Amino acid sequence: MEKITNQIPKNISISAFLGEKESLRVRLLSQAVSLALFILLWRRMSLYYNNQLLLPTPGSTFTAFIGLFGDPEIWENLLLTLERVLKGFACALLIGAPIGLLMGSSKIAMYMFDPLLGCIRQVPLMAWIPLSIIWFGLGNGPTIFMIALAGIFAVVLNTVAGVRNISPDYYHAARSMGAGTWCIFLRVVLPCALPDILGGARLALGSGWMAVICAEFIATSAGFGFSMVEAQTRMETEKLLALMVLGALVGYTMDKCVCAIGNRLTRWK
Amino acid sequence: MIKLKVDHIRKTFSRNGEEQIVLEDVSFSVDEGRFVSILGPSGCGKTTLLSILAGFQRATGGSITLGDRKVSGPGPDRGFVFQNYALFPWMTVRENVMFPMKRQRIPKDQRERTFARLIGIAQLEGRENFYPKELSGGMKQRTAFIRALAGQPEILLMDEPMGAVDFQMRQKLQEELESLWLKERITVIMVTHDVDEAVYLSDRVIVLSARRGCIMDDSPIDLPRPRDRDDQHYEGHKARLSAQLRMAFRES
């Protein structure tokens, strides 16, 4: 799994010639253009196929989207799903980060965990669903398990990379100033690896959000994914599309929140 | 009075079962309050020697005595200034400089007094809450220097502290470092490959040979401070050490 950073590379050709205000305007304009093109294409296709069941128009999807806001059942399901995502995400972080810190700091821990995790990681995520139902029944159990599982490897691998990239000079400096092992862990290893841990957390939340919808298709009778299955069985394709749009927006907002928290925690970078 | 005694230090490591000698047999001693440079071509083992003095690496043989104690492992009695400063980027100037004092459980009011004094001599007033990324090269160096002093070490070890800057900046930093040192007068051992830097800053220069890392030359620089880089005697010391260094290099 690749590491991601929270920085967007500056477009040199734009920022070199334009001021801050102009470059913001250019950015917003290009985003608006690409969105408009996408919607136009969608509209063209749906008019061409002329079948609301197959591909509803952007207009009817938008009406359905507005309709979602008046539907308390949707909100209940969305909140339930968000709760599951946060619980699963917390599990991934609270289990994954310590394992990663341990593997990054100790060779023995690395030898012990690395092959095991490397193998388990190769089991396709969806293949865990039947087993998780056997273990946890239906409802919250299997979904939270799936979210945690989807995210934990990203957290572990990023944390390991973060710890291993710490310059030996920092350890030497800390030791020569009289710091003990525990102090080095708290004051050097943890803050230094934090940006990478947060990068892993961001990936984990993203994959958790994807995993939960899939898990809810199968292993539960409530939740956001369940709402989608329901829309599909009732042949309300425009509602299904509206839910997909809502899902994308919620995921995007969560990602931005993690980024914002991360930037706040690593202002020194 | 002798502050540091380096006694028959030897460092070897084995590569593919073959023993490689980094330092053959290095002995010297340094008087209290002296600024001593270890000059040598790259690969002569000078950084290894400094690492051994700091306790980051173990010597294969020999001993190091600081004051009246044998040295083994890193400790706050030896301050270290790293080539790229190794300031903790997640800590502010204040947190960086406070770090060694907190580790040694120096009482809070004494800590504050020392901090104020050090910030004063480094002319970093008003930058206490800056992160290292917000500092210029010179400010970083001064922060690294006072951080190393904050733990009240008996000796300061510096690994090419001007290694990462351009020529103009280098001279300016050397002058700043000298004025800081003149205010504190601590025993310093600095590793460098730059002849001008060694002559400008040191009371004494030890030249290491590239082959088998042993001492080729050990001589004082008895010029008044601050030194005039255009002075005839200054030039003379430079010419002599440059010739030594060329010879040291040719041996390899």
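In which helix of chain A does A:Val26 lie? In this predicted model, the answer is helix α2. The residue counts as partly exposed, because its relative accessibility comes to 31%. Going from A:Val26 to A:Thr63 means moving 37 residues along the chain, and the C-alpha atoms of the two are separated by 30 Å.

Helix α2 covers residues 20-49 of chain A, and A:Met45 belongs to it as well. With a relative accessibility of 39%, A:Met45 also falls into the partly exposed class. A:Met45 is one of the members of a nonpolar surface patch, the others being A:Leu41, A:Tyr48, A:Tyr49 and A:Leu54. Taken together, these five side chains come with about 600 Å² of accessible area. As for the spacing of residues along a helix, an α-helix has 3.6 residues a turn, so residues three or four places apart point the same way.

Zooming out to the whole of chain A, the secondary structure is easy to sum up: 11 helices and 0 strands. Read from the N terminus, the order is simply α-α-α-α-α-α-α-α-α-α-α. Measured out along the principal axes, the C-alpha atoms fill a box of roughly 75 × 60 × 30 Å. Of the 269 residues in chain A, 40% are buried. Contacts in chain A reach across the sequence: if one takes those between residues at least 6 apart, 71% join residues at least 24 apart. The chain exposes about 15600 Å², and 69% of that is supplied by carbon and sulfur atoms. On the charge side, there are 21 positive and 15 negative side chains, with 10 Å between the centres of the two sets.

Further along chain A, A:Ala219 sits in helix α9. This residue counts as buried, because its relative accessibility is just 1%. Once neighbours within four places in sequence are set aside, the contacts of A:Ala219 are A:Ile133, A:Leu138, A:Gly139 and A:Pro142. The C-alpha atom of A:Ala219 is 37 Å from that of A:Tyr48, a residue 171 places away along the chain. A:Tyr48 is also one of the residues in the nonpolar patch described above.

Helix α9 also takes part in one of the salt bridges, of which the structure holds 25 over all chains. Here the side chains of A:Asp255 and A:Arg202 meet, at 2.8 Å from N to O. A:Asp255 comes from helix α11 (residues 237-265) and A:Arg202 from helix α9 (residues 181-219), so the pair ties together parts of chain A that are 53 residues apart in sequence. A:Arg202 counts as buried, with 17% relative accessibility.

Turning to chain B, helix α1 spans residues 46-54 and is mostly covered, with 8 of its 9 residues buried. The buried set consists of B:Lys46, B:Thr48, B:Leu49, B:Leu50, B:Ser51, B:Ile52, B:Leu53 and B:Ala54. What comes after this helix is B:Gly55, which has a positive phi, near 95 degrees.

Chain B has salt bridges of its own. In one of them, the side chains of B:Asp77 and B:Arg69 meet at 3.1 Å, N to O. The two partners differ in how they are covered: B:Asp77 is buried at a relative accessible area of 17%, whereas B:Arg69 is partly exposed at 35%. Another bridge joins B:Glu175 to B:Arg229, with 3.5 Å between the closest N and O atoms. B:Glu175 lies in helix α5 (residues 167-184), while B:Arg229 lies in the loop between β10 (215-220) and α7 (232-250), so this pair ties together parts of chain B that are 54 residues apart in sequence. Again the cover is split, as B:Glu175 is partly exposed with a relative accessible area of 37% and B:Arg229 counts as buried at 14%. Beyond single pairs, salt bridges that share partners join B:Lys3, B:Arg69, B:Asp77, B:Arg78 and B:Glu154 into one network.

Technical notes: Residues are numbered from 1 along each chain as its sequence is written. Chains are lettered from A and ligands numbered from 1 in the order in which they are written. This is a predicted model: local features need pLDDT of at least 70, side-chain atom pairs count only at pLDDT 80 or more; totals for chains, interfaces and linings use all residues. Side-chain values use heavy atoms; hydrogens and water are left out. Helices (H or I, at least four residues) and strands (E, at least two) are DSSP runs, numbered from the N terminus. Buried means under 20% relative accessible area, exposed over 50%, partly exposed in between (1.4 Å probe, protein chains only). Contact means heavy atoms within 4.5 Å. Accessible areas come from the Shrake-Rupley method with a 1.4 Å probe; for residues, only the protein chains shown count as cover. Lys and Arg count as positive and Asp and Glu as negative; His and the chain ends are not counted. The place of a charge is taken as NZ of Lys, CZ of Arg, CG of Asp or CD of Glu. Patches are made of residues with over 30% relative accessible area and no salt bridge: like charges are joined within 9 Å, nonpolar side chains (Val, Leu, Ile, Met, Phe, Trp, Tyr) within 5 Å. A salt bridge is a side-chain nitrogen of Lys or Arg within 4 Å of a carboxyl oxygen of Asp or Glu.
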